[in-house]
Amino acid sequence: MNGWMGKILRVNLTSGEIVKQPMDPDLARNYVGGRGLASKILFDELELDCDPLGPENMLIFVNGPLTVTGALSSGRYMIVTKSPLTGTICSSNSGGYFPAAFKTAGYDAIIFMGRAEKLVYLWIHDDNVEIREATELKGMDTHETVELVRRETHKEARVACIGPAGENLVRYAAVINDACRAAARSGVGTVMGSKNLKAVAVRGTKGVRVADPEELLRSNIIADHIKKADLGIAFAEFGTPLFVDVMNANNIMPTRNFKEGFFHEGDVINGAEMIDRTLVRSKACYGCPLNCGRNTRLPADAKFQGRGDGPEYETCFSLGSNICVGDLDALTKMNYICNEVGMDTMDAGTTLATIMELYEMGLITEKKIGFPLVWGDYDNCIRLLYLIARGEAFGREAGMGGKYLADKYGAPEVFMGSKGQGFAGYHPRGMVGQGLLYATSPEGGNHTTGNTIQPEINGIPEPMDPLTATGKPEMVISRQDETAFIEACGVCVFPYMLLEEGTEIIAEFYSAVVGEHYSEDDVRKIGERIFNLEREFNRRLGFTRKNDSLPKRLTEEPHNEGIGEGNVVPLEEMLDRYYQLRGWTGDGVPSEEKLKDLGII
Amino acid sequence: MGKRIAFTEQLCTNCHLCSMYCSLAFTKDGIFEFRPSIGRIRVAENDDDTKYVAHVCLQCREPACAACCPAGAITKDPETGIVMINDEECTGCELCIAACEFGCICMVDGTAVKCEVCDDPLCVRACAVKALDLVDADDSVADQGDLYKEVPL
């Protein structure tokens with residue numbers, strides 16, 4: 001098969017049994033790969049109401065048919081499972097070098113089931129697959145783990161692993177690959193920890209077949225085009241932190257737990273400041289002609305030390321503006337810590353912001369935390385991050401996440417997220433379509449199931465008013481469906497979502513890889529199928545309209561001064577139309593007719 | 001005048017597109033396959049992730065690999081200056097790999113392989129940041145060679 005490796009690896013960690021099964025071509029045709037393929041496997045095989053942290057949950061590592069092809073930015077993989085943070089289906093994706101090694105070892109997916117008795121890691125060298133004991137890795141951070149696992153396996157092995165946060169079941173633990181890239185969201189690292197799986201190390205030497213490589217070389221022309229476009233120049237130069245300036249300029253940079261949309265110290269934590277202070281050089285993920293990665297190091301005169309990648313924009317928001325930390329050294333250090341202990345910078349930040357607001361309200365005391373935690377106090381944030389990762393003292397309950405804390409301490413409205421997952425760094429009061437997107441995302445407040453920056457803020461393909469409901473349900477649906485397809489292909493969403501003609505390009509690349517013609521409508525349809533399948537998965541667990549909610553801060557509290565002053569998110573109005581266009585009932589349930597039409601049932 | 005592939009470290013982003021596209025030039029039987037592990041150009045990173053180095057044959061004036069080959073399978077073409085491996089004569093002894101201090105030869109399916117400079121090299125075409133270039137072989141190779149020793153594969 002062009003694109004696919006044609007093999008799925010099943011690893012039962014309870015029994016130690018390892019099985020290789022052929023890829024079903026129908027499954028590949030209908031659900032492609034990545035998030036699509038893995039969601040379908042989960043939908044068909046998982047006991048839906050299982051405990052996400054029980055041995056019966058399945059943890060699926062998956063790449064896509066475009067991974068390690070010349071298609072633009074083709075170095076991604078994702079992890080799909082039932083989330084311990086949201087209780088829904090989820091997919092969390094990452095770049096770096098591990099995804100390419102994973103695919104060229106010869107597998108489209110690895111399905112982990114059960115739970116190992118002791119801590120183990122999986123070593124894959126092409127056809128040789130073995131489960132190895134990892135008790136000596138217990139408690140190690142992600143950098144140490146990569147080093148030790150490489151020493152035991154192969155110096156060129158690529159490693160994805162959890163840190164202490166995953167071992168200690170912090171509900172927003174990440175799986176970190178290549179020491180600095182993270183499949184961070186939804187607690188996929190927590191599930192890995194619950195299975196006593198410390199790491200997956202891979203060395204792959206096989207090839208990926210494609211139908212039309214010349215067509216794929218167009219990627220560089222497109223990359224050039226991205227770099228030459230206004231946003232593109234800034235993107236290559238500043239990486240994702242350039243969004244700090246874009247968001248601040250539009251009054252949508254979430255600040256002080258989403259009370260505000262403008263961060264006064266934005267120019268201290270943006271891409272330009274990083275170039276001045278911490279950037280070593282730009283880097284790319286495997287197979288990507290763009291280079292938005294930031295290789296950074298804290299300078300000798302900084303109050304903290306360390307090296308690593310980033311922070312990316314989302315972290316500038318979550319551990320910067322949203323907790324009022326206007327200090328690049330501290331922000332960078334917190335980013336490094338999260339990567340080292342293996343947890344999501346975004347939900348770590350959401351949790352800190354929730355605690356800070358509860359502390360301000362007097363609902364959580366200094367005695368409870370062990371120290372004060374006011375806005376911007378990065379020293380104590382760092383103390384708390386370590387406590388969370390180790391599951392010690394107040395860190396134990398802080399590791400349960402912002403929603404848990406807000407509920408427990410009597411102010412559920414201060415948790416800024418949806419379905420238990422913290423929002424990304426785009427303030428919905430100033431771009432209401434993003435609010436609809438968060439509310440209807442199958443995995444809660446996530447930025448990777450679609451993003452509305454281009455249509456709402458940059459006016460691509462055509463200008464629209466970010467503050468009103470007009471046109472938003474239509475736009476959100478197409479963004480969600482297109483993103484689902486892109487993620488199923490195993491490529492990075494970024495360039496495709498930046499480009500006006502992104503959907504056309506992904507359809508052409510997909511056709512060039514598999515050797516059959518797919519139109520834009522064809523790939524949208526596949527995306528719609530994936531999105532509806534995820535929705536139906538959640539629906540069977542009782543998720544309906546009542547769960548497609550946003551906090552009152554977004555729907556009732558007026559936006560702060562500046563662009564969009566006084567605005568709120570007209571969620572219910574948008575939801576009515578969104579469900580109707582989706583072919584779902586007024587309660588947000590996919591109709592039988594829709595599910596049949598898409599071939600889901 | 002012979003040619004070789006020149007590499008500028010400062011521009012490299014460690015994306016490995018060069019290895020991917022190089023491998024495409026060596027797939028057979030009308031099948032197109034991205035198989036970076038057989039690429040004749042391979043990227044190494046140093047331990048603290050501050051240097052990215054694409055190893056590709058420098059087409060040495062006096063190639064150590066040719067001098068040590070017991071089968072006489074490696075020769076420097078007097079006209080083009082390109083160092084060539086005759087895969088029918090190669091016995092797979094790997095002595096050349098040990099002899100090349102730049103890490104520019106590797107084994108593929110039991111045979112030693114290296115960059116023999118394609119006419120319109122796919123690695124150069126694929127490099128989006130222009131870190132690779134097809135240049136005249138008499139350009140100085142000392143800096144590139146030092147880099148290969150500093151950041152080995």
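**Exercise 1. A residue in a loop**

Is Ala116(A) buried or exposed, judged by how many other C-beta atoms lie within 10 Å? Decide this for the predicted model shown above, and then describe the surroundings of the residue.

*Solution.*
Step 1. Begin by placing the residue: Ala116(A) is found in the loop between strand 6 (109–113) and strand 7 (120–125) of chain A.
Step 2. A residue is counted as buried if 20 or more other C-beta atoms lie within 10 Å of its own. Ala116(A) has 23 other C-beta atoms within 10 Å, and therefore it is buried.
Step 3. Now look at the neighbours: leaving aside residues up to four places away in sequence, Ala116(A) touches Leu13(A), Lys195(A), Asn196(A) and Leu197(A).
Step 4. For a residue that lies elsewhere, take Thr240(A), which is 124 residues from Ala116(A) in sequence and 38 Å from it in space, C-alpha to C-alpha.

**Exercise 2. The strand that follows the loop**

Describe strand 7 of chain A, stating how many of its residues are buried and how it pairs with strand 8 and with strand 12.

*Solution.*
Step 1. Five of the six residues of strand 7 of chain A are buried, so that the strand is mostly covered.
Step 2. With strand 8 (residues 128–133) of chain A, strand 7 runs antiparallel, and six bridges join the two. One bridge sets His125(A) against its partner Asn128(A) in strand 8.
Step 3. Strands 7 and 8 of chain A form a hairpin with two residues between the strands, and in this hairpin Asp126(A) takes a positive phi near 50°.
Step 4. With strand 12 (residues 197–203) of chain A, strand 7 runs parallel, again through six bridges, and here Trp123(A) stands opposite Ala201(A).

**Exercise 3. An open sheet**

Work out which strands of chain A lie at the edges of the open sheet with the order 2-1-6-3-4-5, and describe how strands 4 and 5 are joined.

*Solution.*
Step 1. The sheet has six strands, and its pairing is mixed.
Step 2. The edge strands are strand 2 (18–22) and strand 5 (89–94) of chain A, each of which pairs on one side only.
Step 3. Passing from one strand to the next, the twist averages 20°.
Step 4. Strand 4 (residues 77–82) of chain A runs antiparallel to strand 5 and is joined to it by six bridges, while Thr81(A) stands opposite Cys90(A) in strand 5.

**Exercise 4. Two helices that pack**

Describe the geometry of the contact between helix 2 and helix 24 of chain A, and name the residues that meet there.

*Solution.*
Step 1. Helix 2 (residues 34–45) and helix 24 (residues 520–540) of chain A pack at an angle of about 35°, and their axes are 10 Å apart.
Step 2. The crossing of these two helices of chain A is left-handed.
Step 3. From helix 2 of chain A come Arg35(A), Gly36(A), Ser39(A), Lys40(A) and Phe43(A), which meet Ile526(A), Ile530(A), Leu533(A), Glu534(A) and Phe537(A) of helix 24.
Step 4. Sorted by character, the residues of this contact comprise five nonpolar, two polar and three charged.

**Exercise 5. Two chains and their interface**

Compare the radius of gyration of each chain with the globule rule, and then describe where chain A touches chain B.

*Solution.*
Step 1. Chain A contains 27 helices and 18 strands, and chain B has five helices and nine strands.
Step 2. For the 153 residues of chain B the globule rule gives 15 Å, and the radius of gyration is 15 Å, so chain B is as compact as a globular protein of that length. Chain A, with 601 residues, has 22 Å, which agrees with the radius near 25 Å of a compact globule.
Step 3. Buried residues make up 64% of chain A and 41% of chain B.
Step 4. At the interface, 25 residues of chain A are in contact with 23 residues of chain B. Strand 13 (208–210), helix 8 (218–228) and strand 14 (279–283) of chain A each supply at least two residues of this side, and the residues on the chain A side divide into eleven nonpolar, ten polar and four charged.
Step 5. Finally, strand 13 of chain A pairs in the antiparallel sense with strand 2 (residues 32–34) of chain B over three bridges, where Val210(A) stands opposite Phe32(B).

Key
Residues numbered from 1 in each chain as written. Chains lettered and ligands numbered in written order. Predicted model: local features only at pLDDT ≥ 70, side-chain atom pairs only at ≥ 80, totals over all residues. Helix = DSSP H or I, 4+ residues; strand = E, 2+ residues; numbered from the N terminus. Rg over C-alpha atoms; globule rule 2.2 N^0.38 Å. Buried ≥ 20, exposed ≤ 12 C-beta atoms within 10 Å, placed from the backbone. Contact = placed C-beta atoms within 7 Å. Nonpolar A, V, L, I, M, F, W, Y, C, P; charged D, E, K, R; others polar. Pairing = 2+ DSSP bridges. Axes fitted to C-alpha atoms, helices over the stretch in contact; angles between N-to-C directions. Left-handed = near helix turned anticlockwise from the far one by under 90°.
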